[in-house]
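Welcome! Please take a moment to look at the sequence and turn the structure around before reading on.

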Amino acid sequence: MTDTVLNVSGVSKRFGGLQALSDVGIKIERGQVYGLIGPNGAGKTTTMKAITGTLPLHAGDIEYLGKS
């Protein structure tokens with residue numbers, strides 16, 4: 001079993017001509033706690049929707065417990 005719980009690599013998302021996410025990468029190991037902060041329009045919600053699979057990606061890969 002891997003110690004990596006969440007691995008996000010190269011994630012990109014566009015809405016028409018707007019690049020909402022560009023090459024996002026996050027790696028969370030077992031036992032770590034992270035927060036996602038930033039100003040309005042920074043892509044926090046888009047990132048979370050990408051991670052949960054409710055928003056299709058244009059590029060990148062998301063693995064949870066070693067599964068895509």
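What follows is a short tour of the fold, the helix, two residues and a pocket.

This is a predicted model, in which local features need pLDDT of at least 70 and side-chain atom pairs count only at pLDDT 80 or more, while totals for chains, interfaces and linings use all residues. Residues are numbered from 1 along each chain as its sequence is written, and side-chain values use heavy atoms, with hydrogens and water left out.

**The overall fold**

Let us begin with the whole protein. Its secondary structure comes to 1 helix and 3 strands, and along the sequence these follow the pattern β-β-α-β. Here helices (H or I, at least four residues) and strands (E, at least two) are DSSP runs, numbered from the N terminus. The C-alpha trace spans about 40 × 25 × 20 Å along its principal axes. Of the 68 residues, 24% count as buried; buried means under 20% relative accessible area, exposed over 50%, and partly exposed in between (1.4 Å probe, protein chains only). Among contacts with a separation of 6 or more, 54% come from residues 24 or more positions apart, where a contact means heavy atoms within 4.5 Å.

**The hairpin**

Strand β1 (residues 4-15) pairs with β2 in the antiparallel sense over 8 bridges. Two strands pair if DSSP finds at least two bridges between them. One of the partnerships joins L6 to I28 in β2. The two strands form a hairpin with 2 residues between them, and G16 in the turn has a positive phi of about 60 degrees.

**The helix**

Which residues of α1 are buried? They are T46, T47 and A50. These residues lie on the same side of α1 because they cover an arc of only 100 degrees around the axis; the arc is that of the directions from the helix axis to the C-beta atoms. An α-helix has 3.6 residues a turn, so residues three or four places apart point the same way. The buried residues of α1 pack against β1, β2 and β3 (59-64). On the other side of α1, T45 and T52 are exposed. Just after the helix, G53 takes a positive phi of about 85 degrees.

**Two residues to compare**

Now find S12 and G41, which are 29 residues apart in sequence and 15 Å apart in space, C-alpha to C-alpha.

| Residue | Location | Relative accessibility |
|---|---|---|
| S12 | strand β1 | 12%, buried |
| G41 | loop between β2 and α1 | 83%, exposed |

Why does G41 count as exposed? Its relative accessibility is 83%. S12, in contrast, is buried, with a relative accessible area of 12%. Not counting residues up to four places away in sequence, S12 touches Q19, L21, S22, D23, L57, H58 and A59.

**The largest pocket**

Finally, look for the largest pocket, where about 200 Å³ of space lies. On a 1 Å grid over the protein atoms alone, a pocket is an open set of points where a 1.4 Å probe fits, with protein on both sides within 12 Å along at least five of seven lines; lining residues have an atom within 4 Å of a point. Grid points are joined across faces, edges and corners, and a volume is the space filled by probe spheres set on the points.

The lining is made of L6, I26, I28, Y34, G35, L36, T47, M48, I51 and T52. Both β2 (18-29) and α1 (44-52) supply at least two residues each, and α1 gives the most, with 4 residues. The lining divides into 7 nonpolar, 3 polar and no charged residues. In this grouping, Ala, Val, Leu, Ile, Met, Phe, Trp, Tyr, Cys and Pro count as nonpolar, Asp, Glu, Lys and Arg as charged, and the others, Gly among them, as polar.
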